[in-house]
Amino acid sequence: HVRQLYALVSETLRYASVLEKLLDGAALLQAEKKLPPQLAKVLVYDLLFGKGLKCGGRWKALARRHRARLEAELARMKVRHKVSRNEDLLAPEQAVSPAAFQVPRYVRVNTLKTCVDDVIDFFKRQGYTYLGKAASVEELKALSGKKFLLDLHLPELLVFPSQTDLHDNLLYTSGHIVLQDKASCLPAFLLGPVVGSHVIDACAAPGNKTSHLAAILKNKGQIFAFDVDPKRVAAMNTLLTRAGVTSCQLAQQDFLTVDPRDPKYSRVTHILLDPSCSGSGMVTRGPGQEAAPSAERLQALAGFQRRVLNHALSFPALRRLVYSTCSLHQEENEDVVQAVLQEWGSAFRLVTAFPSWPCRGLTAFSGAESCLRASPAETLTHGFFVAVLERCREGAAAPSSLPAAAKENPQPGEGTEPGAAPKKRKKKKQWVK
């Protein structure tokens, strides 16, 4: 709900000048003197441009009372500007990047509660047409209407057209599916802990990656998830409970204050680290909504990211770590990884993450191509960066470039049927520890 509200307010800001003209032309504020101007913009945006007023009560009734007048004023504005689409009323710099529209709706099947085949059958019964497993990114681009595909890279990810809204779908509200961008699914997938492992999710909220880790672990082993904000921890607890996660211990704690030598974490072999970043890869943020971070801001973020990555690598039993951000900036990505690897010498090394992934790390240093990047243009996802680090051991075999999850779910051409997944098992409801 917070994400939906954020999107609504962000879009309202993007249409602010258009909404001001609509309010003036329809004389809405003169007719409703007690209506706050900013609230009026949100209501009018949702009424005319959004999903049709999901709110209730007197504000909904008020907006609907003036609907005809507002629609007439919108029609006059389009005639005056000689345009047919609402989007064309925006100034060029306000127009949404095409990337925001070409990123599909990704749906991760929550295998703690169901399986891919059952979810596919459910959507078929709802009138959707299943087109099988995608063979290329181009197939994802071509999706339209009530059609969907199985993703070409991730075995438990379904792909729908970008404008598909599933927030009210029974599978979503019951926790059987998770609405999660494909790039955001990569960190847990590439960490790939084996069933029974002890894992840390260092900066865990809002919890989608944590629930993904629990699904990979099949609720066996242990996940330690940290976030410093009490409200985010409470919301995350609700999300994990809905997803059927029982193998997670939540802690309202700054990960930097966690003692790596605490016996509690002596068996932690895998860490997922997705620290705070500039968020510059999130395509749902319209242009102009947030200024590009200054050099000082980027340096401050990178300094924090280096500290938290160094801290994560200090856990004594750690074998594999995934570092990820939703940032496009080299300062937060390749530069952070390079600096920390230099500090640790030969103790850790980069392994090639997902060799078949088309978008690689920037050539900022030798070996940076082992990292991967994601982008709307090349991978049809949000902008993302992922690096996989493994501890070096004397005499150890070369590290695997694919996690355990990928080995259990081979890539195309290795003998798996599209949509193959474990059958669901009935489980008693349990609270998150």
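**A walk through the predicted chain**

Let me begin with one pairing: β3 and β4 run antiparallel to each other and are joined by 2 bridges, where strands are DSSP runs of E with at least two residues, helices are DSSP runs of H or I with at least four residues, and both are numbered from the N terminus. Two strands are said to pair if DSSP finds at least two bridges between them. Within this pair, Leu150 stands opposite Leu158 in β4, and the connection from β3 to β4 is a hairpin through 6 residues.

Before going on, I should say that this is a predicted model, in which local features need pLDDT of at least 70 and side-chain atom pairs count only at pLDDT 80 or more, while totals for chains, interfaces and linings use all residues. Residues are numbered from 1 along each chain as its sequence is written, and side-chain values use heavy atoms, with hydrogens and water left out.

As for the whole chain, it holds 17 helices and 13 strands, and of its 433 residues 51% are buried, where buried means under 20% relative accessible area, exposed means over 50%, and partly exposed lies in between, with a 1.4 Å probe and protein chains only. The accessible surface comes to about 20,400 Å², and 53% of that belongs to carbon and sulfur atoms; such areas come from the Shrake-Rupley method with a 1.4 Å probe, and for residues only the protein chains shown count as cover. Taking contacts between residues at least 6 apart in sequence, 70% join residues at least 24 apart, a contact being heavy atoms within 4.5 Å.

Now back to the sheet that holds β3 and β4. What is the order of its strands? This open sheet of 5 strands follows the order β2-β3-β4-β1-β5, and its pairing is mixed. Its edge strands, each of which pairs on one side only, are β2 (129-133) and β5 (177-179). On average, and with direction ignored, neighbouring strands here are turned by 25° against each other, where axes are lines fitted to C-alpha atoms, for helices over the stretch in contact, and angles run from 0 to 180 degrees between N-to-C directions.

Going through the other pairs, β2 and β3 (residues 147-150) are parallel, with 3 bridges, and Tyr130 stands opposite Phe148 in β3. Strand β1 (residues 105-109) pairs with β4 (residues 157-160) in the antiparallel sense over 4 bridges, and there Arg105 faces Phe160 in β4.

Lying across β1 and β5 is helix α12 (residues 208-217), which runs at about 40° to β1. This helix contains His212, which counts as buried because its relative accessibility is 6%. Leaving out residues up to four places away in sequence, His212 touches Arg108, Cys185, Ala188 and Phe189.

Let me turn to another part of the chain, around β10. How many of the 6 residues of β10 are buried? The count is 6 of 6, and the strand is described as mostly covered. Arg320, Val322 and Ser324 point one way, whereas Leu321, Tyr323 and Thr325 point the other way. In a regular strand, side chains alternate between the two faces of the sheet. On the pairing side, β9 and β10 run parallel and are joined by 4 bridges, with Ile271 opposite Leu321, while β10 and β13 are antiparallel over 6 bridges, with Val322 opposite Val388 in β13.

Helix α14 (residues 295-313) packs here too, since its buried residues lie against β9 (268-273), β10, α15, β11 (348-351) and β13 (384-391). Among those buried residues are Leu298, Leu301, Val308 and Leu313. The 19 residues of α14 should span 27 Å at 1.5 Å a residue, and its end C-alpha atoms are 27 Å apart, which agrees; the expected span is 1.5 Å times one less than the number of residues.

Finally, Cys326 sits in the loop between β10 (320-325) and α15 (334-344). An unreviewed UniProt entry lists Cys326 under "active site"; UniProt positions are given in the numbering used here, feature names are shortened, and annotations may be inferred rather than shown by experiment. Why does Cys326 count as buried? Because its relative accessible area is 17%. Apart from neighbours within four places in sequence, Cys326 has contacts including Cys277, Gly279, Gly383 and Phe384.
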